Amino acid sequence: MESIRNIIVLTGAGISAESGIDTFRDAGGLWEQHRVEDVATPEGFARDPQLVQRFYDARREAVQQVDPNPAHDALALLDQRWEGELLIVTQNVDDLHERAGASRVLHMHGELLSALCARCETRHKWSESLLGQPACPGCGEKALRPDVVWFGEMPYQMDRIYAALRRADLFVSIGTSGAVYPAAGFVRDAREMGAKTLELNLERSEGSYWFEESRQGRASKLVPEWVAEMLG
Ligand code: BJW
């Protein structure tokens with residue numbers, strides 16, 4: 001541990017599962033309930049905006065009813081105590097890392113509690129429904145969409161993520177299936193750039209063989225254990 005100063009943590013839906021938020025690809029997950037092409041692509045939104053707005057309205061409402069779990073709490077503690085560099089890159093669109101008290105958080109797939117104006121491209125904090133086509137507070141156009149990254153769109157702040165990967169001594173992946181790029185490729189990038197790699201997941205992920213170490217179990221158990229090791 002002594003050689004580790006800069007840490008990059010990637011989180012996915014599995015870290016929020018024990019807070020009561022559905023994952024995507026587990027049994028009963030969101031992609032069993034909805035067709036990805038319909039609700040998570042720009043083409044699906046163009047075809048049926050109301051369907052997509054309803055899908056995200058329901059999730060925006062649900063996320064405001066749940067609380068962070070011990071895995072979010074442990075990462076927030078690491079954020080508060082770790083003196084080296086730390087970046088928590090989350091694929092999650094919930095705000096549970098922040099509500100647990102973490103501040104070094106980057107939402108690469110956007111945020112449920114934000115709306116993006118398709119006209120003026122401004123992002124606005126948003127906790128209400130988008131179904132009734134409210135006007136953009138910036139430009140006044142009725143062009144607000146969920147501020148999330150759909151398939152075929154560029155995730156947020158990739159330059160900042162790759163810069164952190166280049167500096168990282170340790171890359172830790174938590175609760176993600178490794179099915180979606182570019183996040184699924186970060187482990188390879190991190191290894192090539194010399195970082196140690198660790199996976200914490202309920203089961204081995206699709207890219208598990210790329211990690212030097214993989215621990216299986218619930219995030220609410222594995223993450224506090226790992227953070228305790230790091231903080232000694
Ligand atoms: C627990 C647990 C517990 C459960 N404790 N663990 C062919 C090859 C390569 C790439 C492509 C390709 N064809 C197309 C692409 C690109 C495409 C892609 O990856 N497609 C794949 C299907 C192959 N990617 C894109 O289009 C991305 N953009 C892009 O590539 O731009 C170009 C570019 C080029 C070069 C550099 C950079 C960019 C955009 C992807 C956008 C993804 N969007 C979504 C929706 C966001 C909004 C929303 O929430 O609705 O993001 S899809 C969905 O998947 C969501 C998630 O963030 C993402 C990842 O899911 P995650 O988090 O891994 O969840 P699950 O459910 O899959 O896994 C949960 C895991 O937790 C499981 O392993 C469980 O076991 C575990 N678990 N309970 C611990 N208690």
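Modeller: Two strands are said to pair if DSSP finds at least two bridges between them, and the strands and helices themselves are DSSP runs numbered from the N terminus, a helix being H or I over at least four residues and a strand E over at least two. The structure above is a predicted model, in which local features need pLDDT of at least 70 and side-chain atom pairs count only at pLDDT 80 or more, while totals for chains, interfaces and linings use all residues. Residues are numbered from 1 along each chain as its sequence is written, and side-chain values use heavy atoms, with hydrogens and water left out.

Biologist: In which sense do strand 4 and strand 6 pair, and over how many bridges?

Modeller: Strand 4 covers residues 110-117 and is joined to strand 6, residues 144-148, by five bridges in the antiparallel sense; one residue to look for is Cys117, whose bridge partner in strand 6 is Leu144. Strand 4 also runs antiparallel to strand 5, residues 123-125, with three bridges between them, and here Ser114 stands opposite Lys125.

Biologist: How many residues of strand 4 are buried?

Modeller: Burial is read from relative accessible area with a 1.4 Å probe and protein chains only, where buried means under 20%, exposed means over 50%, and partly exposed lies in between. On that scale six of the eight residues in strand 4 are buried, so that the strand is mostly covered.

Biologist: What is the phi of Glu121, and where does this residue lie?

Modeller: Glu121 has a positive phi near 60° although the residue is not glycine, and its place is the loop between strand 4 and strand 5, a hairpin with five residues between the strands. Glu121 counts as exposed because its relative accessibility is 64%. Gln157 also has a positive phi, near 55°, and belongs to the loop between strand 6 and helix 8, residues 158-167; with a relative accessible area of 39%, Gln157 is partly exposed.

Biologist: Is Thr197 buried or exposed, and which residues is it in contact with?

Modeller: Thr197, in strand 8 (residues 196-201), is buried because its relative accessible area is 3%. Contact means heavy atoms within 4.5 Å, and once neighbours within four places in sequence are set aside, the contacts of Thr197 include Leu170, Val187, Trp210 and Phe211.

Biologist: Which residues come nearest to the ligand?

Modeller: A residue is near a molecule if one of its heavy atoms lies within 4 Å of it. There are 36 residues around the ligand, and Arg25, Arg59, Thr176, Ser177 and Tyr181 come nearest. Tyr181 is also joined to Pro182 by a cis peptide bond with omega about 5°, and Pro182 lies in the loop between strand 7 (170-174) and helix 9 (186-192).

Biologist: What lies 2.7 Å from the side chain of Tyr56?

Modeller: A polar contact is a pair of N or O atoms within 3.5 Å. An N or O atom in the Tyr56 side chain is 2.7 Å from an oxygen atom of the ligand, a backbone N or O atom of Ala13 is 2.8 Å from a ligand oxygen atom, and a polar backbone atom of Glu153 lies 2.7 Å from a ligand nitrogen atom. On its own the ligand has 1500 Å² of accessible area, computed by the Shrake-Rupley method with a 1.4 Å probe, and the protein covers 77% of that area. Helix 1 (14-17) and helix 5 (49-63) are the elements that give two or more residues to the shell.

Conventions. Polar contact = N/O pair within 3.5 Å; in protein donor to acceptor, adjacent residues only side chain to side chain.
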